[in-house]
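Open the model in your viewer and keep the selection tool at hand. This tour goes stop by stop: what to select, then what is there.

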Amino acid sequence: MKIITLSSVLLCVFGCWLNLAEAKISNRIALYGQSKYSNNFQAFNYVNPNAPQGGKMVLPAYGTFDNFNPYIFKGVAASFVPALTMETLGFSPVDDPFTVYPLLAEKFDLPTDKSYVGFILNSKARFADGSPVTADDVVFSFNAIMEKGSPVYKMYYADVDRVEKINDREVRFYFKEGTENKELPMILAQFHIFSAKDWENREFDKPTLQVPLGSGPYVVEDFQVNKYVSFKKNPNYWGKNLPTRRGFYNFEQIRYDYYQDTTVTLQALFAGNIDVREEYIAKIWMTGYDNELIKSGKIKKETIEHNNPAILQNFAFNIRRAKFQDRRVRKAIDLAFNYEWANEKLFYGQYKRLYSYFTNTGMEATGLPTGRELEILQTYKDQLPDDVFTEPYQITVNEEINNPRENLKKAVSLLKEAGYDFVDGKMTNLATGEPLEIEVLSNSANGATFTKVMLPFIENLRKIGIKAVFRNLEVNIFKNRLDNFDFDMAIVSYRVSQLPGNEQREYWGSEAADMNGSNNVIGIKNPVVDALIKGLVAAQQKEDYVAYVKALDRVLLHENYMIFQWYSPVERVAYWDKFGQPQTDIKTGFEPFTWWAKEQ
């Protein structure tokens, strides 16, 4: 028998008191100590908390699907299944992206030594079958994602040492010793929580068409592979009155119909087969809606302002290929792309040119480096090209849009510097005797648009002796080619966070370059880039953080890893006039899950 002495009891009480003193229980995670909403807020300012309930919305999805688990490498996951059927531990609104507010977790344990983050679950949280969401489910979900999910998650959550159940309603994520990762508590609040019981006799790492049990506002009512997924609101949804959920998910039914081509969905909208359509093609927006449905107001056209970072849409080089390993070659190909012609002739001047990896964030590298950014870059001066410090990065501009001759001359000069020259009219590597030839890939969802963009690009490349071909592949084939890095150049897009952080490792980090299925399709292995990503993730003060983001941007820009395309400062949406939407001055962009049906 163990004898418990008075001194041991006192020691325990004193020790427990110390632990409590080191912890801070909060109802939010605020990255820099400030948040927009008060402790007793009832709903976010960009929703209508009293929105009518009911009705149906049908939206388009593109490509195919054969899987309902979005966290694994294999298969193609169905659109919006996790977003509508599963919940996360916390939620960040569009007008306060630097704060996490309660969702499955009602409280957050944030110790002063930052050695872990704890999540205290809401006792009312339930899966769709009525079973409670517990710490066991959180532990299972994280471990399954790390052990059997796509390899990219091992990198994304690399600073987590372990996850531990404290009790049925509390779980802690302990960080590796020496970890300086200010964003980590926030991103741990963002993964979806599965039911451990639901997966007892299932293999997490295999594609599945058995819908995972979720705790979100909807359940999957019906689906047909590659055709549609239909969602029905869960009448017993536990979180409908949470401040983070009031005003969202007002429809009784939401359905996604799958299409292979974005242009086809315009006729689907006019036919009434879908209710809402976001327009991605400027010319169609200007010329394709001139009909009686628009004139009569039955279908509305609307441009919705947003404050979102610009999507990083680009022609990505695969620098694993020897022909693209010299940045002068990459810049020469960039010089052959005539954006100004495309914007005037094809896009009706509706777009702006991307000029940074973080366009529209306020953290773009412009001019020459100064202040804290310069201090950071000087640490790596011996590893960086001189022009990082002496020349502001300039995107390629064609002064005469119909005459790219000057830029093509510059391109030829760069290619000659890199060891190329004309041989029988072909730009040829003089060391290997191989002509410079390029295959550019796109997917069928947007290939029709890019065909017109590519024709003058291919012609300009031909003028400087480079043979280029454009291939428009089915979505799943395109994905497979990129997952296995089987391409020369490809048209790709990156979602840019308002708070660039851990995802940068997977976009540009050396470890991700050899990881099939990662977003580092370019194949970047740059030790300075790795160090700058580490620095921005570890930055504790906002000034340091912004300086590291700018420094990273500057280094990536000067390496010419991609050819920037364009972005729109507004989102273009057409929809049948049967929906209401919140009236707000907040620039949210297109947020269909805050809309509602005007008539039931």
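**Stop 1: the largest pocket**

Select Ala 30, Leu 31, Leu 110, Lys 114 and Lys 182: among the 20 residues that line the largest pocket, these lie nearest its centre. Bear in mind that this is a predicted model. The pocket has a volume of about 570 Å³. Its lining is mixed in class, with nine nonpolar, six polar and five charged residues.

**Stop 2: the second largest cavity**

Keep Leu 31 and Lys 182 selected, since both also belong to the lining of the second largest cavity. Add Tyr 32, Glu 183, Leu 499, Pro 500, Gly 501, Leu 536, Val 537, Ala 539 and Tyr 545 to complete that lining. What kinds of residue line the second largest cavity? Eight are nonpolar, one is polar and two are charged. The volume here is about 70 Å³. The structure holds two cavities of 30 Å³ or more. Rolling a probe the size of a water molecule over the atoms is what shows where such empty space is left.

**Stop 3: strand S9**

Select residues 170–175, which form strand S9. Are its residues buried or exposed? Six of its six residues are buried. Now colour the two sides separately. One side carries Glu 170, Arg 172 and Tyr 174, and the other carries Val 171, Phe 173 and Phe 175. Both faces are covered. In a regular strand, side chains alternate between the two faces of the sheet.

Next, show the neighbours. Strand S7, residues 116–121, runs antiparallel to S9 and is joined to it by five bridges. Strand S8, residues 160–167, is also antiparallel to S9, with six bridges between them. A hairpin of two residues leads from S8 into S9.

Centre on Arg 172 in S9. Gly 118 stands opposite it, and Glu 164 has Arg 172 as its bridge partner.

**Stop 4: helix H15**

Move to residues 475–483, helix H15. Which residues of H15 are buried? They are Val 475, Phe 478, Arg 481, Leu 482 and Asp 483. Now display strands S19 (437–443), S20 (467–473) and S21 (489–494), which are among the elements that cover these buried residues. Step just past the end of H15 to Phe 485, where phi is positive, at about 55°.

**Stop 5: salt bridges**

Side chains of opposite charge can pair when their charged atoms come close. How many salt bridges does the structure hold? There are 35. Three pairs and a network make a good sample.

- Select Arg 277 and Glu 279. Their side chains form a salt bridge, 2.2 Å from N to O. Both residues are buried.
- Select Arg 372 and Asp 544. Their salt bridge spans 2.8 Å, N to O. This pair links distant parts of the chain: Arg 372 sits in helix H11 (residues 371–378) and Asp 544 in helix H19 (residues 542–558), 172 residues apart. Arg 372 counts as partly exposed because its relative accessibility is 28%. Asp 544 is partly exposed too, with a relative accessible area of 23%.
- Select Lys 409 and Glu 406. Here the side chains meet in a salt bridge of 3.7 Å, N to O. The two are separated by about one helical turn because they lie three residues apart in helix H13 (residues 405–417). Lys 409, at 47% relative accessibility, is partly exposed, and so is Glu 406, at 49%.
- Select Arg 321, Lys 323, Glu 439, Arg 471, Arg 481, Asp 486 and Asp 488. Salt bridges with shared partners join them into one network. You met Arg 481 at the last stop, as a buried residue of H15.

**Stop 6: the second largest pocket**

Finish at Lys 331, Asp 387, Glu 391, His 558 and Asn 560. Of the 15 residues lining the second largest pocket, these lie nearest its centre. The pocket holds about 410 Å³ of space. Which helix gives the largest share of the lining? Helix H9 does, with four residues. H9 (327–335) and H13 each supply at least two lining residues, so show both helices around the pocket. By class, the lining has five nonpolar, four polar and six charged residues.

Note on methods. Residues numbered from 1 in each chain as written. Predicted model: local features only at pLDDT ≥ 70, side-chain atom pairs only at ≥ 80, totals over all residues. Heavy atoms only, no water. Buried < 20%, exposed > 50% of the residue type's maximum accessible area, 1.4 Å probe, protein only. Pairing = 2+ DSSP bridges. Contact = heavy atoms within 4.5 Å. 1 Å grid on protein atoms, 1.4 Å probe; cavity = no way out; pocket = protein on both sides within 12 Å on 5 of 7 lines; lining within 4 Å. Points joined across faces, edges and corners; volume = space filled by probe spheres on them. Nonpolar A, V, L, I, M, F, W, Y, C, P; charged D, E, K, R; others polar. Salt bridge = Lys/Arg side-chain N within 4 Å of Asp/Glu carboxyl O.
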